[in-house]
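Subject: Structure handover

Hello,

Here is the structure for you to look over. My notes on it follow below.

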Amino acid sequence: MLDDIKKGLAGVVVDVTAISKVNPDTNSLLYRGYPVQQLAERCTAEEVAYLLWHGELPNAQQLAEFETLERSLRHLNPTVKDAMDALPLSAHPMDVVRTAVSVLGALDESLTTDGTWIDGDLTLERSIRMWAQLPAIVAYAQRRMRDQELVEPRDDLGYSANFLHMTFGEVPELVVVNAFDVSMILYAEHSFNASTFTARVIASTLSDVYSAVTGAIGALKGPLHGGANEAVMHVFREVGTADAATGWLADALAAKRKIMGFGHRVYKNGDSRVPTMKAALETLVAHYERPEVLDLYDALERAMDEAKGIKPNLDYPSGPAYDLMGFETEIFTPLFIAARVTGWTAHVREQLAANALIRPLSLYTGPDERAVPSRD
Ligand SMILES: CC(=O)SCCNC(=O)CCNC(=O)[C@H](O)C(C)(C)COP(=O)(O)OP(=O)(O)OC[C@H]1O[C@@H](n2cnc3c(N)ncnc32)[C@H](O)[C@@H]1OP(=O)(O)O
Ligand SMILES: O=C([O-])CC(=O)C(=O)O
């Protein structure tokens, strides 16, 4: 029986999904059948969000309607802002954003106490609302760290340009907007990863979609999952320069440290998304004239390959890319939330459409049955 246990559910297929396919053999990732590299090259984050929820790319009219809806929902809810303002500035932005999403749920009057929240159609409406609010929430989470006021959204801008406008108070050059949009697409979905599985477990109890996303954010925060993009930046700072990479890595591995941004549960020969995100990083390095960033990136990647044969995952190029764009390091994982909320909520809907309560078994290894000592 002990031999049957798959720690961490490694290699266990627990359900079907039609949302994305991660194929480590061909090193590919498909969203609803489309290669993610092509989506990143030819589509916007809005089109990919629509695809994940609806199963097909939008036609021109569907896209126009979808964009109009998203733009109409961008203003940060004032009660959410008040809740964020009530939190100490020392709070990690992941905790601030998790709390803000939870508040969105508590404010949704359609979440009645009589069980009528269990409604697939409302789940989509609520998901779109959360996705449209998250740029405002994440942007404000960064601005409050910098003692800056909230920036109101602009409805003449696409999703990514507006996200950057709300964060920095201006729209950067197109090369930056494009690299950011690519990162949002690459981060949007990745089958049964830990945070998506968390969302599906919560949905499987017939809880609501806000609860599923709040729980998923908690799972994403850890450095073995989404928290790695922040952790990569700490590594870059610790290493310092390309020349120091090999020595730093030898010491880190000797100390049995996990090197953030490397390795993956499913891909064992490189992450399918890395080449696309690395190309985006290269455009940023050229734009900001920071070649030393790429030198360090390449040196550490080479050293890790030589020492352990372990390849980078998506968080490795995303970390320095977000740093070059000017984001606070603690905001990197909240950016992942803003992108992944599309995938999480697509999975919540898929779970609800063919639900079975997720409740595995465990092998008990505690003491044999024994009597509680009598009190007299
Ligand atoms: C977007 C994302 O969420 S991608 C993942 C982001 N996370 C990270 O970058 C954190 C660093 N990476 C890791 O910790 C791991 O590679 C994980 C958690 C992502 C995957 O872990 P698992 O599939 O459980 O692989 P596991 O931990 O069994 O690794 C196999 C071996 O490679 C080693 N290894 C794997 N990744 C790393 C790493 N980043 N640094 C050092 N050693 C590593 C393990 O120590 C283990 O060695 P051992 O057999 O000598 O004990
Ligand atoms: O699939 C995983 O385990 C982690 C990952 O890369 C993701 O969620 O994007």
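Helices, as named in these notes, are DSSP runs of H or I with at least four residues, numbered from the N terminus. By that count, L206 sits in the loop between α9 (194-204) and α10 (209-221). Please keep in mind that this is a predicted model.

Overall picture

The protein chain has an average pLDDT of 96, and 97% of the residues score at least 70. For the model, ipTM is 0.98 and pTM is 0.97. The protein chain holds 16 helices and three strands. A compact globule of 376 residues would have a radius of gyration near 21 Å, and the 22 Å of the protein chain agrees with that. The C-alpha trace spans about 75 × 55 × 45 Å along its principal axes. Of the 376 residues, 43% are buried. Taking contacts between residues at least 6 apart in sequence, 76% join residues at least 24 apart.

The two ligands

Ligand 1 is surrounded by 19 residues, and the closest are A228, I259, F262, G263 and R265. Sorted by class, this shell has eight nonpolar, seven polar and four charged residues.

Around ligand 2 are H190, N193, H264, R265, V266, N313 and L314. That shell divides into two nonpolar, four polar and one charged. R265 therefore deserves a look in both places, if you go by the definition that a residue is near a molecule when its C-beta atom, placed from the backbone, lies within 6 Å of it: R265 is listed among the closest residues to ligand 1 and is also in the shell of ligand 2.

Helix α11

A228, one of the closest residues to ligand 1, is also one of the buried residues of α11. This helix covers residues 228-239, twelve in number, and reaches 16 Å from its first C-alpha to its last, close to the 16 Å expected at 1.5 Å a residue. Nine of the twelve residues are buried, so α11 is largely enclosed by the rest of the structure. Besides A228, the buried residues are N229, E230, A231, V232, M233, V235, F236 and V239. Their cover includes α12 (245-254), α14 (291-308), α15 (315-325) and α16 (332-353). Just after the helix, G240 takes a positive phi of about 90°.

Helix α7

How many of the ten residues of α7 are buried? Nine are, so this helix (residues 159-168) is largely enclosed by the rest of the structure. The buried residues are Y159, S160, A161, N162, F163, L164, H165, M166 and T167. G169, just after α7, has a positive phi of about 80°.

Positive phi outside glycine

Two residues other than glycine came up here. L206 has a positive phi of about 65°. It has 13 C-beta neighbours inside 10 Å and so counts as partly exposed, since the exposed class stops at 12 or fewer. E289 has a phi near 55°, also a positive value. E289 lies in the loop between α13 (274-288) and α14. With 7 other C-beta atoms within 10 Å, E289 is exposed.

Two residues to look at on screen

T342 is in helix α16. Is T342 buried or exposed? It is buried, because 29 other C-beta atoms lie within 10 Å, against a cut-off of 20 or more. Leaving aside neighbours within four places in sequence, T342 is in contact with A49, L52, W53, W131, A188 and E189. The C-alpha atoms of T342 and A45 are 10.0 Å apart, with the two positions 297 residues apart along the chain.

N269 lies in the loop between α12 and α13. N269 is exposed, with 12 other C-beta atoms within 10 Å. Not counting residues up to four places away in sequence, N269 touches P24, N27 and K311. Its C-alpha atom is separated by 10.0 Å from that of N313, 44 residues apart along the chain. N313 is itself one of the residues surrounding ligand 2.

Regards

Conventions
Residues are numbered from 1 along each chain as its sequence is written. Chains are lettered from A and ligands numbered from 1 in the order in which they are written. This is a predicted model: local features need pLDDT of at least 70, side-chain atom pairs count only at pLDDT 80 or more; totals for chains, interfaces and linings use all residues. Ala, Val, Leu, Ile, Met, Phe, Trp, Tyr, Cys and Pro count as nonpolar, Asp, Glu, Lys and Arg as charged, and the others, Gly among them, as polar. Helices (H or I, at least four residues) and strands (E, at least two) are DSSP runs, numbered from the N terminus. The expected span of a helix is 1.5 Å times one less than its number of residues. Two residues are in contact if their C-beta atoms, placed from the backbone, lie within 7 Å. pLDDT is the predictor's confidence in each residue, from 0 to 100. The radius of gyration is taken over C-alpha atoms; the globule rule is 2.2 Å times the number of residues to the power 0.38.
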